[in-house]
Amino acid sequence: MKNSIVIVDDHVLIAQALKGIISNFEQFEVLYECENGRVLQDKFKSGATIPTIVLLDISMPIMDGFETAKWLKKNHPSVLIMTLSMQDDEQSVIKMIKNGSHGYLLKNTHPAELEKSLLKLVKEGYYYPDWASRMVFSSLNNDAEKNNSLVKLSDREKEFLSYTITEMNYKEIAEKMFCSPRTVESYRDSLFEKLELKTRVGLAVYAMKNGFGEK
């Protein structure tokens, strides 16, 4: 059985071209296309088939990719979101990840890379190409990719990690964890040392890749 995809992009020619490319992928099929997030919402609410993957653009009228990803994360958390955009800036990548995107690709991606990324997305639950890792997650090193079993984390550190992928600041996280901001900072500093990371972005990516879901 093929993995189903819905394309959300306001450029009809691009959506149609993507559909044609994906039709050649052995393990994938496109169910339908939507020109923005609002149309996708209406489709889902009207009983249309929910796909395995939503291939999502960012810049769209009415309801853009940021809003759409956030809505999917809340209402259809089982749907895998692969961002496909022309925007390659750090802010867009981080925001899409925080809003629930499981992967990020540029629209100039080669079809073979697209197929590879979709396969990895289905298998592992995420896909970030080298350029995104180099640009946005430069603080990550090989130790950040370690499995949880190789790094001993306390329950409170794990709880803190789950909040790093939200938009909450450290004071708000402290309130959620019923502790002081200074205590939260101690968890952060401890994780920086254990995981050999330097930024919250690094912690957020580690949390995403190692299954620490948002609280």
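**Exercise 1. Aromatic pairs**

Find how many aromatic pairs a search of the whole structure gives, and work out which parts of the chain the pair of Phe44 and Trp71 ties together.

*Solution.* Keep in mind that this is a predicted model. The search of the whole structure turns up two aromatic pairs. One of them is formed by Phe44 and Trp71, with 6.0 Å from centre to centre and 45° between the planes. Planes under 30 degrees apart would count as stacked and those over 60 as edge-to-face, so this pair is tilted. Next, place the two rings: Phe44 belongs to helix H2 and Trp71 to helix H3, so the pair ties together parts that are 27 residues apart in sequence.

**Exercise 2. The helices that carry this pair**

Determine how H2 and H3 are oriented to each other, and list the residues that make their contact.

*Solution.* Start with the geometry: the axes of H2 and H3 are 9 Å apart and the packing angle is about 25°. Angles under 35 degrees count as roughly parallel, so H2 is roughly parallel to H3. Then collect the residues. H2 contributes Gly37, Leu40, Gln41, Phe44 and Lys45, while H3 contributes Thr68, Trp71 and Leu72. Sorted by class, the residues of this contact are four nonpolar, three polar and one charged.

**Exercise 3. From H3 to H4**

Describe the packing of H3 against H4, including the handedness of the crossing.

*Solution.* Helix H3 spans residues 65–75 and helix H4 residues 90–98; they pack at about 20° with axes 8 Å apart. That angle makes H3 roughly parallel to H4. The crossing of H3 past H4 is right-handed. On the H3 side you will find Gly65, Phe66, Ala69 and Lys73, which meet Ser92, Lys95, Met96 and Lys98 of H4. The class count for this contact is three nonpolar, two polar and three charged residues.

**Exercise 4. A contact with another angle**

Decide how H7 is oriented to H9, and name the residues in contact.

*Solution.* Helix H7 (residues 155–163) packs on helix H9 (residues 181–195) at an angle of about 95°, and their axes are 10 Å apart. The range from 65 to 115 degrees counts as roughly perpendicular, so that is how H7 stands to H9. From H7 come Arg156, Glu157, Phe160 and Leu161; from H9 come Val184, Tyr187, Arg188, Ser190, Leu191 and Lys194. By class, the contact has five nonpolar, one polar and four charged residues.

**Exercise 5. The sheet**

Write down the strand order of the open sheet, explain which strands stand at its edges, and see how helix H2 lies on the strands.

*Solution.* The five strands follow the order E2-E1-E3-E4-E5, with parallel pairing. Strands E2 (28–34) and E5 (103–106) each have a single partner strand, so they stand at the edges and one side of each lacks a neighbour in the sheet. On average, neighbouring strands are turned by 25° against each other, direction ignored.

Now look at one pairing: E1 (residues 3–8) runs parallel to E2, joined by six bridges. There, Ile7 is opposite Glu33 in E2. Finally, add the helix: H2 (residues 37–45) lies across E1, E2 and strand E3 (53–56), and runs at about 110° to E2.

Definitions and conventions:
Residues numbered from 1 in each chain as written. Predicted model: local features only at pLDDT ≥ 70, side-chain atom pairs only at ≥ 80, totals over all residues. Heavy atoms only, no water. Axes fitted to C-alpha atoms, helices over the stretch in contact; angles between N-to-C directions. Helix = DSSP H or I, 4+ residues; strand = E, 2+ residues; numbered from the N terminus. Parallel < 35°, antiparallel > 145°, perpendicular 65-115°, else oblique. Left-handed = near helix turned anticlockwise from the far one by under 90°. Contact = heavy atoms within 4.5 Å. Nonpolar A, V, L, I, M, F, W, Y, C, P; charged D, E, K, R; others polar. Pairing = 2+ DSSP bridges. Phe/Tyr/Trp six-rings, centres within 6.5 Å; stacked < 30°, edge-to-face > 60°.
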